[in-house]
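Biologist: Could you take me closely through the aromatic side chains in this model, and then through the parts around them? I work at the bench, so please give me your cut-offs as you go.

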Amino acid sequence: KLQFLYFIGITMDFDKYPKVDFREQYDGKELKRFYDTFMKVNFPIEDELDPLEVWEEVLDPERVEGSMEDMPVNLHVVVVYEPSEGDGERKIIGGVVFEYYKMSNACLMSYFAVAEEYRKHGLGKWLIGAAWDVSKQASQKITCEGEAKASYSKEEWISRISRLKKTDKNKQLLEKVVALCTDEEIDALNAVLISHDVSASLGLLFAETNSESLLDAVMDPKVRHRILHKMGFKPLNFGYIQPPLSDDQNPCYDLLLLTLQSAPANTLATIPSVLLKLFLLDFSVSVFGSIPSFTDADWYKQMDSELSSLKGVVAQHGSPPWEFCTPKPEG
């Protein structure tokens with residue numbers, strides 16, 4: 001899904017380039033230009049690309065109900081421009097779209113692209129770092145009160161969640177999930193806590209990319225896999241299915257879910273299944289708005305069933321291309 005560009009040429013200082021995060025500086029006309037002239041070109045497969053209206057509904061302050069800080073998911077659209085003089089239309093040279101999920105304390109980089117003439121100069125690395133830094137700052141805003149310790153009982157996990165800032169409307173969902181956890185899954189949560197306190201720092205950084213079977217006119221999936229591998233991403237060895245992104249779209253079985261296994265992330269080579277369950281629940285709720293609307297769907301039950309049978313999911317360290325493909329339902 002991601003249009004990643006490997007940087008092996010001269011590194012440029014993109015901190016000095018003009019840029020905008022439309023969550024912080026909303027401009028509807030410019031957002032539409034970025035979507036129409038950059039996103040559609042780099043992500044031509046319809047079921048993979050969010051409708052523009054989805055972005056507008058959560059970024060336009062006039063369309064958001066209540067405070068943007070109350071939303072369970074923080075969507076960011078960061079665009080970088082070529083430096084220019086004058087007030088004319090600026091050339092878009094790269095962009096990253098990512099969400100920080102409060103409930104599962106994770107970041108998903110949904111879309112990522114760099115203009116061809118700016119590839120191999122470090123802009124890809126800069127955009128990954130921007131997504132990580134912004135999500136980490138959001139993570140620190142919802143940390144639990146009180147001292148952290150190395151292990152919690154199920155009741156203590158639920159108590160910690162209840163101490164999240166009251167603006168986090170989705171904490172009730174996480175309470176339900178933890179209440180249903182087995183003792184082994186609680187042990188897995190505690191194992192992660194020992195490695196890095198998930199209440200105080202960003203946990204995981206995910207990304208999606210096309211499987212070998214999903215071809216587009218932008219880049220050969222095998223080339224994309226090699227680029228992602230060089231940048232530190234590894235595919236997770238389970239049958240990932242992207243939820244349908246709107247009522248008019250279908251679930252996508254031809255994507256791989258990746259996790260960043262190098263700096264700046266501090267992720268785990270084996271991710272406890274319960275953490276992936278939390279993330280997938282978080283992602284699905286952000287699309288559908290509530291739990292009951294998707295938990296009976298075949299695509300969701302397929303992933304949930306597989307993860308329930310596993311204690312953890314390994315990040316593959318084999319050389320690309322990655323051949324894993326999620327089985328599709330018959331018919």
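## Rings and their surroundings

Modeller: Happy to! Let's begin with two residues side by side: Trp-299 and Tyr-300 are both buried, where buried means under 20% relative accessible area, exposed means over 50% and partly exposed lies in between (1.4 Å probe, protein chains only). Please keep in mind that this is a predicted model, in which local features need a pLDDT of at least 70 and side-chain atom pairs count only at pLDDT 80 or more, while totals for chains, interfaces and linings use all residues. Residues are numbered from 1 along each chain as its sequence is written, and side-chain values use heavy atoms, with hydrogens and water left out.

Across the whole structure, a search finds 16 aromatic pairs. Rings of Phe, Tyr and Trp (its six-membered ring) pair if their centres lie within 6.5 Å; planes under 30 degrees apart are called stacked, those over 60 edge-to-face, and the rest tilted. One such pair is Phe-43 with Tyr-111, which is edge-to-face because the ring centres are 5.2 Å apart and the planes stand at 70°. Phe-43 sits in the loop between helix H1 (28-42) and helix H2 (52-59), whereas Tyr-111 belongs to strand S4 (residues 106-114), so the pair ties together parts 68 residues apart in sequence. Helices (H or I, at least four residues) and strands (E, at least two) are DSSP runs, numbered from the N terminus. Phe-43 counts as buried, at 5% relative accessibility, and Tyr-111 is buried too, with a relative accessible area of 1%. The rings of Trp-299 and Tyr-300 also make an edge-to-face pair, because their centres are 5.8 Å apart and their planes meet at 90°.

Phe-43 and Tyr-111 have company: together with Phe-34, Tyr-35, Phe-38 and Trp-55 they form one aromatic cluster. Trp-55 is a good residue to click on next. Leaving out residues up to four places away in sequence, Trp-55 touches Leu-31, Phe-34, Tyr-35, Met-39, Asp-50, Leu-75, Val-77, Val-97 and Tyr-111, with contact meaning heavy atoms within 4.5 Å.

Trp-55 is also one of the buried residues of H2, listed with Leu-52, Glu-56 and Leu-59. Looking down the axis of H2, these buried residues fall within an arc of 100°, so they line one face of the helix; the arc is that of the directions from the helix axis to the C-beta atoms. That buried set packs against H1, strand S2 (73-81), strand S3 (92-101) and S4.

Now widen the view to the core. A nonpolar core is a set of buried Ala, Val, Leu, Ile, Met, Phe, Trp, Tyr and Cys residues joined through side-chain atoms within 4.5 Å. The largest one holds 50 residues, and the members touching the most others are Phe-34, Met-39, Trp-55, Val-77, Met-109 and Phe-233. Apart from that core lies another, of 31 residues, including Leu-204, Phe-283, Val-285 and Met-303. In soluble globular proteins, nonpolar side chains tend to be buried together.

For a second helix to set beside H2, try H7 (residues 221-230), whose buried residues are Pro-221, Arg-224, His-225, Ile-227 and Leu-228. They line one face of H7, because their arc, seen down the helix axis, is 165°. The buried residues of H7 pack against strand S5 (204-210), S6 and S7. Where H7 starts, a side-chain oxygen of Asp-220 comes within 2.9 Å of the backbone nitrogen of Lys-222. Just after H7, Gly-232 adopts a positive phi of about 105°.

From there, move to Asp-254, in the loop between strand S6 (233-235) and strand S7 (255-260). Asp-254 counts as buried because its relative accessibility is 12%. Its side chain makes a polar contact with the side chain of Lys-328 at 3.3 Å. A polar contact is a pair of N or O atoms within 3.5 Å; within protein, one must be able to donate a hydrogen and the other to accept it, and residues adjacent in sequence count only if both atoms are side-chain atoms. Beyond its neighbours within four places in sequence, Asp-254 is in contact with Lys-328, Cys-325, Thr-209, Asn-210, Ser-211, Ser-213 and Leu-214.
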